[in-house]
Amino acid sequence: MLDLAQRDIAAHLHSQTNPTQFEANGPLVVTRGHGVYITDADGKRYIDAMAGLWCASLGFTHPRVAAAAERQYSELGFYHTFFNRTLPKATELAEKLVALTGMTGGKAYFATSGSEANETMVKLAWVYHSTRGKPGKRKIIARDRSFHGSTIVAASMCGLDFMHREFGLPLPGFLHTPAPYLYRDGRPGETEDAFVARLMAELEALILREGPDTIAAFIAEPIHAGGGIIVPPASYFPEVQKLLRRYDILALADEIVCGFGRTGNWFGKDTTNYAPDMMALAKGLSAGHFPISAVVMSAPVYEAVKAFNSAGGNFGHGFTNSGHPVGLAIALEVIRIYEEMDVVTHVWTMGARLVGHFHELANEFDIIGDIRGEGLMLGIELVADRETRTPIDPALKAGMAFDRLAYANGLIGRCMGDTLGFSPPLIVGTAEVDEIADKTRTSLKQLTRHLGR
């Protein structure tokens, strides 16, 4: 595969990859996948503890998903949902998503990526306020450390500098408030409730400073994913929603990572007690086997779209592949598999086993400062001193070093700074959970030697 690697270097710009390092080191050429494992061009097998990009919930191949795609390709390989057209599976999946999310009386809208779904929610929020005589409510509040996608609006909502610096983002009108990161941002002796009260004071100050009549919506991942597996205190979202209701601001849930069982409930909103007006779904919707996403909106949001076009206009939004028939077929089959495997119970069981292993590792390695997460969405934060929570010197790039060592040991994880992320396929079994823990232990031993501890 040397020739292919060289050709890839010559022709391919990779997402979130350093171009200079890539030209020097080349790609990992992935040729096969089976269950929770991938295999590279040299025949080396890796257990992928990140489900690719948080999405391969049913593993990297699945016979039922493949069969569903094949059947649909043989019946109808493409059609659209513009201009009153529909497909039987579009109706079925829309009904299913409205029911699963509990958005009684609401509607589902289909797109092809999480970024598109998040951007759609913003446009719908603007329509909602416009039809209520408040067209000035345009600003969006997101949070530090959040990830919401790579399109211009979605990236503007990200609270991560690397999503902004090359492109002059965020756009005006996209605001950020602190993340509920108690472990790192809590003050000495501060209780969870006091921490939440302080964050609410900062959020309210931001709303008042900008003007409530300028703010359309607040967007949040129920649990921060790419920002470091940050689980909010129990009172956080209920208190957020009190403020949003007070100032007539819509609540948007980015469920792109958290949805479909990842956090031990069907949706992250249920894990964190969040009650959004709209939800963006992707990744687990098709288990990563097809680019499909959805927005599920409450009845009032849909009624606003209807009212805006009451004079005979058409909803001015859409993507060529909104409601792609193959994506619909795959998503429906994936949801059937989740239901048959009782995904929520399985995730709780395997997640408890994995987090138990991580607490055992904390007894072995004082470099582990915090273990957090829900279900099969877990993080380990590395520190220089556990008692004081002193971070490791950033120049040492401990998280990246762990990633390299784990990769050599046949384990794929993901570092977010010095937080190590673990989000394996939801089909992971007992032996595979134990393997992830064993390879993490081996890699941590090597990391401590590397850091001279």
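Lys 269 is buried, since its relative accessible area is 12% and a residue counts as buried when that value is under 20%. This residue offers a convenient entry into the structure, which is a predicted model. Lys 269 takes part in a salt bridge with Asp 270, and the closest N and O atoms of the pair lie 3.1 Å apart. Asp 270, in contrast to a buried residue, is partly exposed, with a relative accessible area of 41%. Lys 269 and Asp 270 are thus a buried residue joined by a salt bridge to a partly exposed one.

The chain as a whole may now be considered. The protein chain contains 16 helices and 15 strands. Its C-alpha trace extends over about 70 × 60 × 45 Å along the principal axes. For 453 residues, a compact globule would be expected to have a radius of gyration near 22 Å, and the protein chain agrees with this, because its own value is 22 Å. Of these 453 residues, 52% count as buried. Contacts also show how the chain is folded back upon itself: among those with a separation of 6 or more, 72% are between residues 24 or more positions apart.

The surface and the charges complete this general view. The protein chain exposes about 19600 Å², and carbon and sulfur atoms supply 53% of that area. The chain carries 43 positive and 50 negative charges, and the mean positions of the two groups are 3 Å apart.

Opposite charges can also be examined pair by pair. A search of the whole structure finds 21 salt bridges. One of the pairs consists of Glu 210 and Lys 139, whose closest N and O atoms are 2.6 Å apart. This pair links distant parts of the chain: Glu 210 belongs to helix H9 (residues 192-210), Lys 139 belongs to strand E5 (residues 139-143), and 71 residues separate them. Glu 210 is partly exposed, because its relative accessible area is 25%, and the partly exposed class covers values between 20% and 50%.

A further pair is formed by the side chains of Asp 370 and Arg 372, which meet in a salt bridge with an N to O distance of 2.8 Å. Asp 370 counts as buried, at 17% relative accessibility. Arg 372 also counts as buried, at 10% relative accessibility. Salt bridges may moreover share partners, and in this way Arg 64, Glu 92, Glu 333, Arg 336 and Glu 340 are joined into one network.

Attention may next turn to a region where helices meet. Ala 362 lies in helix H14 (residues 343-364), and its relative accessibility of 13% is the reason that it counts as buried. Leaving aside residues up to four places away in sequence, Ala 362 touches Ile 368, Ile 371 and Arg 386. In sequence, Ala 362 is 79 residues from Arg 441, yet in space their C-alpha atoms are 9.9 Å apart.

Arg 441 itself is found in helix H16 (residues 430-450). Arg 441 is buried, with a relative accessible area of 19%. Apart from its neighbours within four places in sequence, Arg 441 is in contact with Glu 360, Leu 361, Glu 364 and Phe 365. The C-alpha atoms of Arg 441 and Ala 406 are separated by 9.5 Å, although the two residues are 35 positions apart along the chain.

The backbone of several loops also deserves examination. A cis peptide bond, with omega about 5°, joins Leu 169 and Pro 170. Pro 170 is located in the loop between helix H7 (152-157) and strand E6 (174-177). Asp 248 is a residue other than glycine with a positive phi, near 55°. The loop that holds Asp 248 runs between helix H10 (236-246) and strand E8 (250-254).

Asn 273 is likewise a residue other than glycine with a positive phi, in this case near 60°. Asn 273 is found in the loop between helix H11 (268-272) and strand E9 (278-281). Asn 273 counts as exposed, because its relative accessibility is 52% and the exposed class begins over 50%. Here the account returns to its beginning, for Lys 269 is buried at 12%, whereas Asn 273 is exposed at 52%.

Conventions. Residues are numbered from 1 along each chain as its sequence is written. This is a predicted model: local features need pLDDT of at least 70, side-chain atom pairs count only at pLDDT 80 or more; totals for chains, interfaces and linings use all residues. Side-chain values use heavy atoms; hydrogens and water are left out. Helices (H or I, at least four residues) and strands (E, at least two) are DSSP runs, numbered from the N terminus. The radius of gyration is taken over C-alpha atoms; the globule rule is 2.2 Å times the number of residues to the power 0.38. Buried means under 20% relative accessible area, exposed over 50%, partly exposed in between (1.4 Å probe, protein chains only). Contact means heavy atoms within 4.5 Å. Accessible areas come from the Shrake-Rupley method with a 1.4 Å probe; for residues, only the protein chains shown count as cover. Lys and Arg count as positive and Asp and Glu as negative; His and the chain ends are not counted. The place of a charge is taken as NZ of Lys, CZ of Arg, CG of Asp or CD of Glu. A salt bridge is a side-chain nitrogen of Lys or Arg within 4 Å of a carboxyl oxygen of Asp or Glu.
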